[in-house]
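This report walks through a structure from its ligand shell outward to its strands and loops. Please keep the sequence and the 3D view open while reading.

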Amino acid sequence: MATITREKFDNIIEIKNVTKVFDGITAVDNVNLAVRRGEFVTLLGPSGCGKTTLLRMIAGFEMPTSGSIFLEKQDVTTVPPHLRPINTVFQKYALFPHLNVFKNIAFGLKLKRIPTGELDKKGRPIYRKFTKDEIAEKVERVLKLVNLEAYGHRGITGLSGGQQQRVAIARAIVCEPKVLLLDEPLGALDLKMRKEMQSELAAMHKNIGITFIYVTHDQEEALTMSDKVVVMTDGAVQQYGTPKKIYDEPANAFVADFIGESNILSGVMKKDFLVEFCGTEFKCMDKGFGKDEKVDLVVRPEDIAINAKSGALKGEVVSTVFKGTYYEMEIMTGDYQFTVQNTVEFTPGQTVWLSVEPDGIHIMKKLKTVNEYVGEIISENTVRLCGGDFEFMPGETVYERGDEVKVKIPFDKIELTDDETDGVIGANVTQTLYKGSYYQVQVYTDDDNDFFIDTVDEWDIGDRVGIRIDPKDLTVEKTANEGGAVADTVADTEVWDGE
Ligand code: ATP
């Protein structure tokens, strides 16, 4: 019994500091993730955020540029796909059209060799094929799991898209992988079939008990099916948690925006448990922010109370749409337009009042993931950005003088110097925030750009500093506007800054 409990809470997969770079593009950026045995984990994020690349590295179809992948505590980073106890279901079913359903599912089993438990004269394990009866029994069992019991003899081409995808899933699970990877497996189905298959897949996962790692860009699908959701953007994990946690307590404005309907605003924490937004102070449940710290905050449409008599914010109804069980209304209050959901309808033009209870407001740190700027190539290893010339390590890409490039510098790779002449450019400290084990310092350069720096040194607001960056810590990439005009403006990487 003790073993079962331990196994249940074991991490079956551990991804440690995994990065994948394709031709200078970082598809997956230092991802760390642990998946527990038997969980249904979904990788969720917008197109191009690196979900498929991460999945393909777990499967073994891609090798990480750096970092390691562990399966049941064994490092499998360089193990080829066919030697990993992992199977993948793709969006395109890739079934054999000339074989019937039974034979499609049996295909992998026929190739498989299993140890007999005996050893040959040299002490090597002896393998055998599955018998016909064993194959029939296994195929029948999975046909039942995917609700296709009577379909074994049917041809593939006559099946609906949903049925074909069920055959593909049956084929993937019949060999009893420890982990099943599913890459947008319902993407090719129409909406009705997709909904049906979602609940079937969730039920199937419960019945089989193997670990599922599922990729989708559909947040509703992710929230309804998964035990845990990994929200990704720009190759990085923004949040990993249960659907409820991610919905109720988004880690940042990007997650809040991506998951569910939300009103995201900029606000200022006046003090613990008191935030100001839309020119009004609201009680909230959050504390530990700096006094007058700018924050992002999210208020879900269903958490806003609306009535015609009194409340915290006065507004006017802009539009109203009936959504089946509630009305979704757009309410203009000053400069901000709130989305509000309520079972009572208020009509366009009507004056209304909005209120929010403290637990309906969720405060988040401002989101910014990396310092990113547009620069100009000055020489083969020098780039001009924010009014200074910084050396970088060119790598294999050939640049020409005048090329416009995107330059990224992680927060923890910028050195602030006491004496500004020791730095390449000068700046003033505008904000400093203690984050448990380090300070996040914001500086404003003489060239009117912001830099964020993670440092163990304490700086004071108003300090004059120099900025130095080790050449190896500047990531320089060509922009689409290659060879274009000089640009020294900031391309701020805040995915959403609430302004
Ligand atoms: P989608 O939902 O559109 O499939 P995704 O989140 O799965 O997107 P990926 O397919 O992992 O994203 O791609 C992440 C980034 O890596 C993209 O910029 C993509 O163009 C790039 N990329 C992926 N595979 C390759 C490759 N083989 N060669 C070059 N670039 C690649």
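## Basis of the description

Helices (H or I, at least four residues) and strands (E, at least two) are DSSP runs, numbered from the N terminus. This is a predicted model, in which local features need pLDDT of at least 70 and side-chain atom pairs count only at pLDDT 80 or more, whereas totals for chains, interfaces and linings use all residues. Residues are numbered from 1 along each chain as its sequence is written, and side-chain values use heavy atoms, with hydrogens and water left out.

## The ligand shell

A residue is taken as near the ligand if one of its heavy atoms lies within 4 Å of it, and the residues that surround the ligand are Phe22, Ala27, Pro46, Ser47, Gly48, Cys49, Gly50, Lys51, Thr52, Thr53 and Glu184. This shell divides into 4 nonpolar, 5 polar and 2 charged residues, where Ala, Val, Leu, Ile, Met, Phe, Trp, Tyr, Cys and Pro count as nonpolar, Asp, Glu, Lys and Arg as charged, and the others, Gly among them, as polar.

Ligand oxygen atoms lie 2.5 Å from an N or O atom in the side chain of serine 47, 2.7 Å from a polar backbone atom of glycine 48, and 3.0 Å from a polar backbone atom of glycine 50. On its own the ligand has 630 Å² of accessible area, of which the protein covers 61%; such areas come from the Shrake-Rupley method with a 1.4 Å probe, and for residues only the protein chains shown count as cover.

## Helix α2

Helix α2 (residues 51-59) gives the most to the shell around the ligand, with 3 residues. Of the 9 residues of α2, 7 are buried, so this helix is largely enclosed by the rest of the structure; buried means under 20% relative accessible area, exposed over 50%, and partly exposed in between (1.4 Å probe, protein chains only). The buried residues of α2 are Lys51, Thr53, Leu54, Leu55, Met57, Ile58 and Ala59. Glycine 60 follows α2 and has a positive phi, near 100 degrees.

## Cysteines

With a disulfide defined as a pair of cysteine sulfur atoms within 2.5 Å, the count comes to 0. Cysteine 284 is in no disulfide, and the nearest cysteine sulfur, that of cysteine 278, is 14 Å away. Cysteine 284 is buried, at 5% relative accessibility, and cysteine 49, part of the ligand shell, is also buried, at 2%.

## Two asparagines with positive phi

Asparagine 17, in strand β1 (residues 11-22), has a phi near 50 degrees, a positive value in a residue other than glycine, and is partly exposed, with a relative accessible area of 41%. Asparagine 30, in strand β2 (residues 25-36), likewise has a positive phi near 50 degrees, and at 42% relative accessibility counts as partly exposed.

## Buried residues in a strand and a loop

Isoleucine 377 belongs to strand β23 (residues 371-379) and is buried, at 0% relative accessibility. Apart from neighbours within four places in sequence, isoleucine 377 is in contact (heavy atoms within 4.5 Å) with residues including Thr382, Phe392, Tyr399, Arg401 and Val476.

Aspartate 473 sits in the loop between β31 (464-469) and β32 (475-478), and at 13% relative accessibility it too counts as buried. Beyond its neighbours within four places in sequence, aspartate 473 is in contact with Lys408, Ile409, Pro410 and Lys413.

Key:
A polar contact is a pair of N or O atoms within 3.5 Å; within protein, one must be able to donate a hydrogen and the other to accept it, and residues adjacent in sequence count only if both atoms are side-chain atoms.
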